[in-house]
Amino acid sequence: MQTHIVSHTHWDREWYLTYEQFRLRLVGLVDRLLDMMEAQPDYQYFHLDGQTIVLDDYLELRPRHEPRLRKLIADGRILIGPWYDMPDEFLVSGESLVRNLALGHRIAQGFGTVMPVGYLPDLFGHVAQMPQILRHFGLDNAVLWRGFGGPRAEYWWQSPDGSRVLMLHLPREGYCNATRVHLDPDAMLDRATTAIKAEEARTVVGEMLLMNGVDHVEPHPVIPSLARQLTKRLGSPVRHSTLPAYVAAVRQAVGQEGVSESLEVIVGELRSGEDYANLLPGVFSARVYIKQANARVQTLLEKRAEPLASFAWMLGAPYPAEELRYAWKTLLQNHPHDSICGCSIDPVHEENMTRFARAEQVGHAVVNDAADVIARAAPAAPPATLRLVALNTTGTPFAGAIVATVDLPYESDEPRRTVDRQALDAPVLFWPKTARVKSISSSDGPPVPFQVLGEEEVRPLVMSRYETPWVLRARRLQLVWLGEVPACGYRAFDLSLSPADDGEHEGAGSRTVAAVAGPVLASAERSAENDHVRVSINDDGTVDVVEKRTGIRYERCGELEDVGDVGDEYNHSPPRADRRVASADATGVRVTRLHAGPVRVVFQIDLTLPLPVAVTPDRSARATEHVTTLVRLLVSLDADSPRITWRVSVDNQARDHRLRIVFPAGAEAITHVRAETAFGVARRAARRAPPAEVRMEVPVSDGPTASFTETGDDQSGVVVFGEGLMEYEATPGEGDRGARLGLTLLRCVGYLSREDLVTRPSGHAGPGLATPGAQCIGRHEFRVAFEPRLEPPSNAALFARASSFVAPPHVVPAVGSGSELAPSGSFLSVETSPGGVVLSACHKSEERDSLIVRLFNPDDVTATARVRTVDSVRQAFQVDFLETRSSELPVTDGTVQLELGPYQIATLELTARGESPGEHRDQGDAPAPQHGCRAGDPAPLARRDD
């Protein structure tokens with residue numbers, strides 16, 4: 001029996017103070033820590049909370065102390081890593097978790113060593129794949145607290161694929177069961193002894209852990225003396241220790257005969273144990289605008305910028321590694337759990353939005369540059385034709401409606417200026433001001449149905465490295481057409497332009513082409529249908545949908561439902577006398593058919609919801625006074641698609657409430673819900689029964705999700721898609737209303753924490769500070785889609801369906817006179833049979849001139865994947881999440897084949913046959929592309945579809 005006292009600080013980078021305010025406290029802490037550890041050799045160890053971001057934050061203000069800090073880290077006295085910062089696991093993507101840990105490892109390795117502990121002390125629950133993620137970083141253990149209520153200190157925790165880590169479960173007090181043992185000298189030994197006895201009752205192997213620290217506290221010099229006194233009093237070793245030493249001791253004890261088998265195995269995600277530690281589920285819907293911004297930037301980096309930059313690199317362009325590294329690092333700085341969860345003071349989240357904007361701006365620049373390289377390699381367009389290149393960056397072939405914004409310049413906005421056309425970043429071609437689109441066709445196929453959804457006058461800029469920007473006058477068209485684009489590839493489409501508008505193709509709300517063979521899309525003033533579904537708009541703005549194969553009617557889709565909320569940023573809590581406001585209460589409902597044509601029908605629904613202005617002063621009920629809440633719904637249906645899409649605009653002027661959009665589940669009874677989670681799909685019970693007695697927090701049936709949520713029975717059901725809407729709830733049928741599935745649009749509260757919540761009787765979860773910004777006053781926009789289903793689709797099929805919602809094709813004009821590319825092709829091919837896999841990442845290796853491709857199998861059957869790059873694979877390696885090679889894989893005819901077991905994640909490193917991409921040219925500053933030319937002189941790498 002021995003006790004490990006671990007001295008640490010839990011460092012929330014921003015929370016009830018701003019980042020800079022906390023940083024100044026951090027600087028003082030580390031200054032004093034360095035002085036104390038150098039002056040007091042027996043104070044051997046201190047943990048910097050498993051994060052490396054604190055090193056950057058400190059050294060930016062104290063660069064002169066870097067040698068001192070490095071020495072103590074190298075000596076193993078200050079322990080750092082493995083994280084960059086401590087995220088929430090459910091509110092960020094699986095890729096973000098990987099990049100966070102990878103950046104943390106790289107920074108820690110730069111200082112000499114990484115703490116080999118899967119440290120998860122204060123995260124609000126844990127995703128099922130975390131053990132597998134940790135194992136891909138060489139970590140065989142996890143130290144955690146929330147999300148699990150078991151009484152023991154040691155367990156096995158296993159991911160669905162079978163990856164297992166030793167789980168060391170912190171006590172009810174969490175990471176602070178020995179925080180104040182030293183503050184009262186007279187009671188010091190008694191307090192510490194009590195904590196040790198409590199841990200002795202929990203341990204199976206006889207190793208006790210005292211966590212001496214809590215949020216933002218500094219080390220106390222008395223700890224080594226306390227350890228010596230406790231050893232003498234108890235007659236068993238008490239060490240001033242480290243988490244790695246504690247883990248190693250437990251691991252050694254578990255290795256003894258019979259001990260390992262005696263530990264309980266916990267499988268899957270950890271989202272329970274509310275009577276052990278608060279789970280704080282309201283964070284999934286607090287400040288939804290934060291979640292929307294995060295989803296937008298994550299998609300931009302993972303599914304746009306990195307794949308496109310990789311494709312351009314295959315064509316010989318430099319890979320923007322530094323730019324992407326900066327964008328990722330900036331995004332990750334918004335992922336600490338107090339930031340992404342929306343449970344901090346208002347200035348913190350104002351800074352979050354600035355960081356999102358910075359990362360997004362860099363991401364868009366990378367996308368534009370990479371897309372330009374690909375567009376310049378496309379064949380030149382025929383005369384009187386504008387060629388567009390549609391880029392599909394997902395691993396799923398796209399077929400459906402492609403939307404593009406196209407500028408048609410007709411003259412200079414600076415008529416007295418002479419511009420050197422050769423100095424421009426991109427060539428300029430003027431079109432007649434009266435030119436109209438006659439037809440759209442794939443460059444290797446027949447014309448396709450299209451519509452002009454909108455037109456406006458704009459003043460675009462043409463940039464130049466050698467000129468000031470050239471301002472043009474142009475007509476900006478929003479177009480939509482039906483087309484197909486290969487996975488991880490592109491297809492060229494040609495716009496045939498007529499010199500003048502002959503007026504023959506005017507449609508109701510949008511210009512269309514004359515009849516072109518294609519899917520049927522019919523519409524009336526308040527209804528529309530295609531081969532899959534029929535939709536009709538009700539008087540209150542809800543939508544009835546009929547699935548035509550089965551005749552099943554989904555009534556009142558897109559219903560708005562609002563209830564009171566007297567909770568805080570951590571938990572929803574209803575007022576004692578609540579009042580529900582729904583679409584049926586809406587006034588001034590107006591339905592307008594905005595667009596109608598062969599590709600898309602759009603209905604605009606304007607209405608007013610009479611929401612209570614706030615809750616009553618005593619917070620027991622919603623106020624009788626109402627405030628006008630204007631809502632606009634754009635409901636659209638595309639040809640040959642079973643999906644109906646909602647764009648929701650809400651001008652929120654109400655406080656203390658929760659607004660949801662709700663859909664029928666398509667089944668009389670539902671038992672489970674499936675929702676996207678990190679590297680997989682979580683299958684959860686639709687409802688959780690509350691216990692007879694609640695001590696700390698009421699278990700809720702709300703659950704975290706990402707881009708898709710699915711429910712129903714074995715014959716019928718629904719899939720609901722959302723962008724940055726991270727909270728769902730499935731409700732059972734009642735009366736004549738069937739089961740329903742809703743997504744939270746807004747949860748508006750005014751406090752960081754309160755102590756009077758009926759849903760959290762344990763009291764405060766943080767400081768009781770006012771946060772008026774969390775009321776989310778103002779205009780908000782949301783994107784949601786609804787799709788009826790028959791039998792339950794596989795998990796892989798759900799990801800495939802979501803791909804076109806999350807990352808539809810990105811369209812750019814084909815400028816210049818390239819000839820390297822065929823009219824369509826793929827840069828990367830991932831084929832699976834049997835089973836299905838999901839492409840999670842495609843980017844250049846951090847260290848080598850090779851391509852990193854990450855795949856995962858979300859289903860319970862083995863999948864065989866065959867991976868090929870545009871230039872054929874020369875060598876293939878399986879690597880971990882740090883890109884360390886573990887094994888070489890056989891390559892046959894330029895293709896590597898890999899089996900992925902159920903729920904397995906695999907990362908491949910691929911090098912191309914022949915000259916490696918990028919090796920033949922300087923990776924530094926490339927010359928600017930000239931008129932009619934493209935950057936560099938790459939080999940013709942893109943294959944033809946045939």
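# Burial, pairing and spacing in a predicted model

Q: Which residues are in contact with Pro336, leaving aside its neighbours within four places in sequence?
A: In this predicted model, Pro336 is in contact with Asp85, Met86 and Pro87. Contact here stands for heavy atoms within 4.5 Å. Pro336 is found in the loop between helix 11 and helix 12 (337-340).

Q: What makes Pro336 count as buried or exposed?
A: The relative accessibility of Pro336 is 7%. Buried means under 20%, so Pro336 counts as buried.

Q: How far apart are Pro336 and Leu324 in sequence and in space?
A: Twelve residues separate Pro336 and Leu324 in sequence, and their C-alpha atoms are 20 Å apart. Leu324 belongs to helix 11, where it is buried.

Q: How do you know what span helix 11 (residues 321-332) should have, and what is the distance between its end C-alpha atoms?
A: The expected span is 1.5 Å times one less than the number of residues. For the twelve residues of helix 11 this should come to 16 Å, and the end C-alpha atoms are 16 Å apart, so the two agree.

Q: Which residues of helix 11 are buried, and what do they pack against?
A: The buried residues of helix 11 are Leu324, Ala327, Trp328, Thr330, Leu331 and Leu332. They pack against helix 4 (94-110), helix 10 (288-314) and helix 13 (346-377).

Q: How many disulfides does the structure hold, and where does that leave Cys176?
A: The structure holds zero disulfides. Cys176 is in none, and the nearest cysteine sulfur, that of Cys343, is 17 Å away. Cys176 has a relative accessible area of 22% and is therefore partly exposed.

Q: Why is Cys341 not bonded to Cys343?
A: A disulfide needs two cysteine sulfur atoms within 2.5 Å. The sulfur of Cys341 is 4.9 Å from that of Cys343, its closest cysteine sulfur, which is too far for a bond. With a relative accessible area of 0%, Cys341 is buried.

Q: What makes strand 17 (residues 470-485) enclosed by the rest of the structure?
A: Twelve of the 16 residues of strand 17 are buried, so the strand is largely enclosed.

Q: Which strands are joined to strand 17 by bridges, and how many bridges does strand 12 (residues 398-412), strand 15 (residues 450-458) or strand 16 (residues 461-462) make with it?
A: Strand 12 is joined to strand 17 by 14 bridges and runs antiparallel to it; Leu408 has Arg475 as its bridge partner there. Strand 15 is joined to strand 17 by eight bridges, again antiparallel, with Phe450 opposite Trp481. Strand 16 is joined to strand 17 by two bridges, also antiparallel, and Val462 has Trp470 as its bridge partner. Two strands pair if there are at least two bridges between them, so the two bridges of strand 16 suffice.

Q: What is the strand order of the four-strand open sheet, and why are two of its strands called edge strands?
A: The order is 42-45-49-48, with antiparallel pairing. Strand 42 (828-832) and strand 48 (891-892) are the edge strands: each pairs on one side only. Strand 42 is joined to strand 45 (residues 863-869) by five bridges, and Thr832 stands opposite Ala865 in strand 45.

Q: How many aromatic pairs are counted, and why is the pair of Phe148 and Tyr155 called edge-to-face?
A: The count comes to 20 aromatic pairs. The ring centres of Phe148 and Tyr155 are 4.8 Å apart and the planes stand at 85°, so the pair is edge-to-face; the cut-offs are 6.5 Å for the centres and over 60 degrees for the planes. Phe148 is buried at a relative accessible area of 10%, and Tyr155 is buried at 1%.

Q: How do you know which type of pair Phe799 and Phe856 form, and what does the pair tie together?
A: Their ring centres are 5.3 Å apart and their planes are at 80°, so this pair is edge-to-face. Phe799 lies in helix 14 (residues 795-806) and Phe856 in strand 44 (residues 851-856), so the pair ties together parts that are 57 residues apart in sequence. Both Phe799 and Phe856 are buried. They belong to one aromatic cluster with Phe137, Phe679, Phe708 and Phe881.

Q: Which residues touch the most other members of the largest nonpolar core?
A: Of its 188 residues, these are Ile78, Tyr119, Met130, Phe137 and Trp157. Apart from that core lies another, of 59 residues, including Val480 and Leu743.

Notes. Residues numbered from 1 in each chain as written. Predicted model: local features only at pLDDT ≥ 70, side-chain atom pairs only at ≥ 80, totals over all residues. Heavy atoms only, no water. Core = buried A, V, L, I, M, F, W, Y, C linked by side-chain atoms within 4.5 Å. Buried < 20%, exposed > 50% of the residue type's maximum accessible area, 1.4 Å probe, protein only. Phe/Tyr/Trp six-rings, centres within 6.5 Å; stacked < 30°, edge-to-face > 60°.
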